[in-house]
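Hi,

Here is the structure I promised to pass on. Have a look through it first, and then read my notes underneath.

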Amino acid sequence: MALTVGLAACGGADSGSSTGGGDSAAPSTLKIGFMGDLTGENSGIVIPPSNGAQLAVDEYNATNPKVKLEMIKYDSRADATTAVSLAQKAIKDDKIVGLVGPAFSGESKQAVPVLEEAKIPNISASATNVDLAKNGWKYWHRVVPNDGVQGPAIADFVAGAAAAKNVFVVDDKSEYGKGLADAVRAQLKTKGVTVTDDALDPAATDYSSTVTKVASAKPDAVVFGGYYAGAGKLLKQLRDKGVTAKFFSGDGSLDKGIIESAGAKQAEGALIGCPCRIPTSAETDEKVKKFAADYKAKFNADPLIYATEGYDAMTAFTKALAGGATTADAINEAVGKSDFDGISKHISFDPTGEPSAKSIYMYQVKDGQIGLLGDTTTAKLG
């Protein structure tokens, strides 16, 4: 099944309202934020969930509820310091009662404590670092499986379907990239695979040090933990050096940017794992098909990575409001009890904010497009 991906994280109400929970005190509009890299070099994996969240808000408001929603966007550009200041602004000035995001793990690590202190419920559609769930946060949730699930699933596919015995694993030193790469490394070693490690600075233009090490190791496969901007540059330089090993990466690379950066020829065959299932032209689920059609009609684009997760994260908030919650605490309590079939998966959370669904999918670049191979437990290389 082929698809084009990108071609494809203080309670309060609005300024004129009370913070009470009953109908007499309920505001006419509440504000929910969306935070992530909306204009930076990795915005391709944040704009789709932002759009998905907006679609959920628009659909909810179209039902003419007693309390409507306004979504406010906060462009962090994936910078943790910026994310913290935006979280403070969202709480103090905009008086949000919830947030979809932060989108990335590094900014989540820094900004979520601010949201936690202010008791603002937040649901990330894409932050996957394992340790985020270990902070004892009570207002934090995510709708994607973490890297402790994604990493081993990718590693199992590398050692299984790809039959790799000698694997070179590179990370970009980020909270997300290193966490994912470490999970891959650990799982590969349990499979008896020979693992060689390295790390690089994604902001650099010359990766020759890493490329030379990879070439010398003569691996069967290379796995990169990081985002598509760095993945594309690394892939191009590896291919230009004559390294033909299978190239793997995780969800941070699931965007057309990897093809644009590497070049179509060099990117051909690259494999990308993701705890996301992007709607395809072969989709048979009517609910998913409707979502894809509505998304395209509104944004003149196909729903790409994490579009469905953004929609589902915001839907958890709209369901909380539809159930009568109007304060941040009441909304958080309702979100924690979420139990509904979303577009991406069934949405429910354990006490740490982790999602109950654990599926990981594998995608592959073919003829300049990124196509879905299927669940990592059953997908096969073409």
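Below is what I found in it, going from the whole chain down to single residues.

First, a caveat: this is a predicted model, so please read everything here in that light.

**Overall picture**

The chain has 12 helices and 14 strands. Its radius of gyration is 20 Å, in agreement with the value near 21 Å that a compact globule of 382 residues would have. The C-alpha trace spans about 70 × 40 × 35 Å along its principal axes. As for burial, 59% of the 382 residues count as buried. The exposed surface comes to about 14,700 Å², with carbon and sulfur atoms supplying 49% of that area.

**The largest pocket**

I went looking for empty space next. The largest pocket has a volume of about 300 Å³. It is lined by 18 residues, and N42, A78, D172, S174 and Y227 are the closest to its centre. Which elements give two or more residues to the lining? They are α3 (105–117), α5 (175–190) and α7 (228–240). By type, the lining of this pocket has seven nonpolar, five polar and six charged residues.

**Two cavities**

There are closed spaces to look at as well. The largest cavity has a volume of about 60 Å³. Its lining is made up of I45, F104, S105, S126, Y176, Y227, D251, G252 and Y306, which divide into five nonpolar, three polar and one charged. Y227 is worth clicking on, as it lines this cavity and is also among the residues closest to the centre of the largest pocket.

The second largest cavity holds about 30 Å³ of space. Around it you will find F34, M35, P49, V100, G101, P102, A103, S124, A125 and S126. Seven of these lining residues are nonpolar and three are polar, with no charged ones. S126 turns up in the lining of this second cavity as well as in that of the largest one.

**Backbone details**

A few spots in the backbone caught my eye. G101 and P102 are joined by a cis peptide bond, with omega at about -10°. P102 sits in the loop between β3 (98–100) and α3, and both G101 and P102 belong to the lining of the second largest cavity.

Two residues other than glycine have a positive phi. For Y306, phi is near 65°. This residue is in the loop between α10 (286–299) and α11 (307–322), and it lines the largest cavity. Is Y306 buried or exposed? Y306 counts as buried, because its relative accessible area is 1% and the cut-off for buried is under 20%.

N64 has phi near 55° and lies in the loop between α1 (47–61) and β2 (68–75). Unlike Y306, which is buried, N64 counts as exposed, at 60% relative accessibility.

**A buried valine**

Finally, take a look at V143, in the loop between β5 (140–142) and α4 (147–159). It is buried, with a relative accessible area of 1%. What does V143 touch, leaving out residues up to four places away in sequence? Its contacts are I123, S124, A125, E309, A313, K345, I347, F349 and P355. Of these, S124 and A125 also line the second largest cavity. The C-alpha atom of V143 is separated by 10.0 Å from that of G342, although the two residues are 199 apart along the chain.

Happy to go through any of this with you.

Cheers

How values were computed:
Residues numbered from 1 in each chain as written. Predicted model: local features only at pLDDT ≥ 70, side-chain atom pairs only at ≥ 80, totals over all residues. Heavy atoms only, no water. 1 Å grid on protein atoms, 1.4 Å probe; cavity = no way out; pocket = protein on both sides within 12 Å on 5 of 7 lines; lining within 4 Å. Points joined across faces, edges and corners; volume = space filled by probe spheres on them. Helix = DSSP H or I, 4+ residues; strand = E, 2+ residues; numbered from the N terminus. Nonpolar A, V, L, I, M, F, W, Y, C, P; charged D, E, K, R; others polar. Buried < 20%, exposed > 50% of the residue type's maximum accessible area, 1.4 Å probe, protein only. Contact = heavy atoms within 4.5 Å. Rg over C-alpha atoms; globule rule 2.2 N^0.38 Å. Areas by Shrake-Rupley, 256 points an atom, 1.4 Å probe, with all protein chains shown as cover.
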